[in-house]
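Please open the model in your viewer and keep the selection panel at hand. The stops below are meant to be taken in order.

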Amino acid sequence: GDDGLDRALDVARRIAASPVDALVLDCETGTVRLGLADRLAEAMGARCVEVTSLEPATVVSAIAHHVAR
């Protein structure tokens, strides 16, 4: 069957084919990391940025840094 990761990667490939400028925020923590954000960003043609939290200031800072590039 079709699983969530396959659906997410399919949508990411559609975003890559569109004029959308995307950014993936990787908030995985811990010693075991699955690397799904990297896979999603690669399929999307987007940068993947590690963030330490999803606090609003952290997210805004990551986006602002991306936009400034």
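What follows is a short tour of a predicted model, going from strands to core to a single histidine.

Begin by selecting residues 23-26, which form strand 1, together with residues 47-50, which form strand 2; these two strands pair in the parallel sense over four bridges. Within this pairing, L25 stands opposite V49 in strand 2. If you then trace the chain from strand 1, the path leads through helix 2 to strand 2, and this β-α-β crossover is right-handed.

Next, select L9, A12, A22, V24, A37, A41, A43, M44 and A46, the nine residues that make up the largest nonpolar core. Helix 1 (4-16) and helix 2 (36-44) each supply at least two residues of this core, and the largest share, four residues, comes from helix 2. Centre the view on A41, one of the core residues: once its neighbours within four places in sequence are left aside, A41 is in contact with V24, A46, R47 and C48.

Finally, move to helix 3 (residues 56-68) and pick out H66, which has its place there. Is H66 buried or exposed? Its relative accessibility is 13%, and because buried means under 20%, H66 counts as buried. Showing side chains here brings up a polar contact between the side chain of H66 and the side chain of R47, at 3.4 Å. Apart from neighbours within four places in sequence, the residues in contact with H66 are D21, A22, L23 and R47, so that R47 appears both in this list and among the contacts of A41.

Definitions and conventions. Residues numbered from 1 in each chain as written. Predicted model: local features only at pLDDT ≥ 70, side-chain atom pairs only at ≥ 80, totals over all residues. Heavy atoms only, no water. Core = buried A, V, L, I, M, F, W, Y, C linked by side-chain atoms within 4.5 Å. Buried < 20%, exposed > 50% of the residue type's maximum accessible area, 1.4 Å probe, protein only. Contact = heavy atoms within 4.5 Å. Pairing = 2+ DSSP bridges. Right-handed = clockwise from strand over helix to strand, strands pointing away. Polar contact = N/O pair within 3.5 Å; in protein donor to acceptor, adjacent residues only side chain to side chain.
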